[in-house]
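Me: I am new to this structure and would love a close look at one part of it. Could you pick a single spot, start there, and then walk me outwards through its surroundings?

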Amino acid sequence: MDTPQGGTPAPAAPAPATPAEEAAFKAFQAVPPNDIDKRIPLAEQFLQKYPQSRYRPAMYQTLVSGYLAKQEVPKMLDAGEKEIALNPNDTPVLGLMGQTLARTLNPKAPDALQQLNKAEQYSKRAIEVTPTLPKPAELSDEQFNNAKNNALEMAYSGLGLVYLQKGKYSDAIPALEQSLKADSHPEPDPVNLYLLGLANEKASHFDAAVTAYTKCAAIQS
């Protein structure tokens, strides 16, 4: 058996898809990506019927984005964990998981520190891997750059909030600044501006805090 460096056995390649599995996957693909009310149950049913399918990443990615849109955070986090287990370099999911874990943290929960550390781990992994990714042939340069920036925006946002919650204000400030720098949307995320203001306030950088708070308040959101 081939093993990667370190002696860990390489995961077995997925079995070739059966005709029924291929037909189910094509039916899933035929549903428009924005029709989450149809895509979510199809993905759930597919995973239940074909638990070892080579198409699992596509299903988990759909569930992550779909559950997030429906604000079903526990289900989104569960699907994200499963996708990262399959694809440790899925930077959009890594970034989203880091940000979501940090933003939904309950400080009084018994596993709060574990959740915070996981958010830090996922965010740092996305930041490390994103610049090294090759461009897929089906994406234009602009689409690829936007995808990378979106992943970095979420990852730096999650990391900045982790540092803020750990009281590491001097580390939180540059991370949140990087998140805003990577943001390619017409308006920056007001949450990140607020967090940057808070981090600067905690660090006694009051002028910088006022600037960030003022920009946050100016956004209609």
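Reply: Let's start at F144, which counts as buried because its relative accessible area is 10%. Here buried means under 20% relative accessible area, exposed means over 50%, and partly exposed is in between, computed with a 1.4 Å probe on protein chains only. Please keep in mind that this is a predicted model, in which local features need a pLDDT of at least 70 and side-chain atom pairs count only at pLDDT 80 or more, while totals for chains, interfaces and linings use all residues. Residues are numbered from 1 along each chain as its sequence is written, and side-chain values use heavy atoms, with hydrogens and water left out.

F144 sits in helix α7, which covers residues 141–165. Helices are DSSP runs of H or I with at least four residues, strands are runs of E with at least two, and both are numbered from the N terminus. Leaving aside residues up to four places away in sequence, F144 touches L133, P134, K135, P136 and L139; a contact means heavy atoms within 4.5 Å. By comparison, A203 is 59 residues from F144 in sequence, and their C-alpha atoms are 36 Å apart in space.

Just before this helix comes the loop between α6 (112–129) and α7, where E138 is found. E138 counts as exposed because its relative accessibility is 65%. From E138 to T18 the separation is 120 residues in sequence and 26 Å from C-alpha to C-alpha.

Helix α7 also leads us to the largest pocket, since α3, α5 and α7 each supply at least two residues of its lining. This pocket holds about 650 Å³ of space. Its lining has 26 residues, and the closest to the centre are Q61, D90, P92, V93 and A147. The lining divides into 15 nonpolar, seven polar and four charged residues. For that count, Ala, Val, Leu, Ile, Met, Phe, Trp, Tyr, Cys and Pro are nonpolar, Asp, Glu, Lys and Arg are charged, and the others, Gly among them, are polar. As for the word itself, a pocket is an open set of points on a 1 Å grid over the protein atoms alone, where a 1.4 Å probe fits and protein lies on both sides within 12 Å along at least five of seven lines; lining residues have an atom within 4 Å of a point. Grid points are joined across faces, edges and corners, and the volume is the space filled by probe spheres set on the points.

One of the helices in that lining, α3, deserves a stop of its own. Its 14 residues, 56–69, should span 20 Å at 1.5 Å a residue, and the end C-alpha atoms are indeed 20 Å apart; the expected span is 1.5 Å times one less than the number of residues. Buried in α3 are R56, M59, Y60, T62, L63, V64, G66 and Y67. Their cover includes α1 (19–29), α2 (36–49), α4 (73–86) and α5 (91–103).

In the loop between α2 and α3 lies R54, which is partly exposed because its relative accessible area is 42%. R54 and A17 are 37 residues apart along the chain, with their C-alpha atoms separated by 7.5 Å. On the other side, Q71 lies in the loop between α3 and α4. Q71 is not a glycine, yet its phi is positive, at about 60°. Most residues other than glycine have a negative phi. Q71 counts as exposed because its relative accessibility is 69%.

Back at α7, there is a further partner: the cover of the buried residues of α9 includes α5, α7, α8 (169–182) and α10. Among those buried residues of α9 are L195, L196 and L198.

Finally, let's step back to the whole chain. It has 10 helices and zero strands, and 39% of its 221 residues count as buried. The C-alpha trace spans about 65 × 45 × 40 Å along its principal axes. The mean pLDDT is 91, and 93% of the residues reach 70 or more; pLDDT is the predictor's confidence in each residue, from 0 to 100. Over residues 1–11 the pLDDT is below 50, and this stretch has nine contacts in the model beyond near neighbours in sequence.
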